[in-house]
Amino acid sequence: MKTNTKTIITYGTFDLFHYGHVRLFKRLKALGDKLIVAVSTDEFNALKGKAAFFSYLQRAEIVAACKYVDMVVPETHWQQKAKDICKYDVSTFGIGDDWKGEFDELSILCDVVYLDRTGEISSTEIKNSLADKGAPTSPAVKDPNNNSHDNPHDNPHDNFDNKVSK
Ligand code: C2G
């Protein structure tokens with residue numbers, strides 16, 4: 001159903017959430033009215049050759065808490081973008097310019113924008129500098145209240161308020 005809401009979508013791992021991610025979301029949200037963020041699942045990250053510190057559910061919970069983000073959906077495979085653009089009536093696909101040119105084919109469906117990456121910060125650099133200081137680089141520490149958000153019996157989407165696609 002066509003609406004006059006201008007929906008923006010982006011995709012990524014968003015591990016160790018940092019100000020580079022926030023600035024990307026802020027600039028993407030300024031392009032429209034609604035920002036959807038597709039967060040890479042742990043399984044898809046494995047396909048990307050990435051091992052995130054936080055699990056998918058924890059990264060999705062953090063991204064959903066960002067004031068610029070209106071909805072969080074899972075990114076499970078490379079080819080889902082075109083379907084998502086149609087499903088969510090997306091006006092603009094946006095991503096950092098480290099991907100410049102990689103998604104130009106989507107321009108038959110919506111606007112495609114590549115935004116400057118924020119320099120001198122990345123999840124990888126954070127992990128490496130923590131590792132140099134002897135910090136654990138293995139996956140997530142448990143919630144101090146000992147509530148594991150990854151408990152399969154919990155309804156994990158309860159942690160995302162109402163920002164997760166039903
Ligand atoms: N980013 C940024 N500035 C940084 C670091 C990241 O603008 N200092 C942007 C990236 O350009 C990307 C987004 O933040 O648009 C997420 O980056 P990653 O979590 O590294 O995601 P990536 O592995 O690039 O996955 O299908 C697309 C992929 O899922 C993108």
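**Exercise 1. Find which element gives the most residues to the shell around the ligand.**

Step 1. Set the ground rules. This is a predicted model: local features need pLDDT of at least 70, side-chain atom pairs count only at pLDDT 80 or more, and totals for chains, interfaces and linings use all residues. Residues are numbered from 1 along each chain as its sequence is written, and side-chain values use heavy atoms, without hydrogens and water.

Step 2. Fix the elements. Helices (H or I, at least four residues) and strands (E, at least two) are DSSP runs, numbered from the N terminus.

Step 3. Read off the result. α1 gives the most, with three residues.

**Exercise 2. Sort the shell residues by type.**

Step 1. Apply the classes. Ala, Val, Leu, Ile, Met, Phe, Trp, Tyr, Cys and Pro are nonpolar; Asp, Glu, Lys and Arg are charged; the others, Gly among them, are polar.

Step 2. Count. The shell holds seven nonpolar, eight polar and six charged residues.

**Exercise 3. List polar contacts to oxygen atoms of the ligand, then state how much of the ligand is buried.**

Step 1. Use the cut-off: a polar contact is a pair of N or O atoms within 3.5 Å.

Step 2. Take the side chains. A polar atom of Lys48 lies 2.8 Å from a ligand oxygen. For Ser40, the distance is 3.4 Å.

Step 3. Take the backbone. An N or O atom of Gly96 lies 2.8 Å from a ligand oxygen.

Step 4. Add the area (Shrake-Rupley method, 1.4 Å probe). Alone, the ligand exposes 640 Å², and the protein buries 95% of that.

Methods: Polar contact = N/O pair within 3.5 Å; in protein donor to acceptor, adjacent residues only side chain to side chain.
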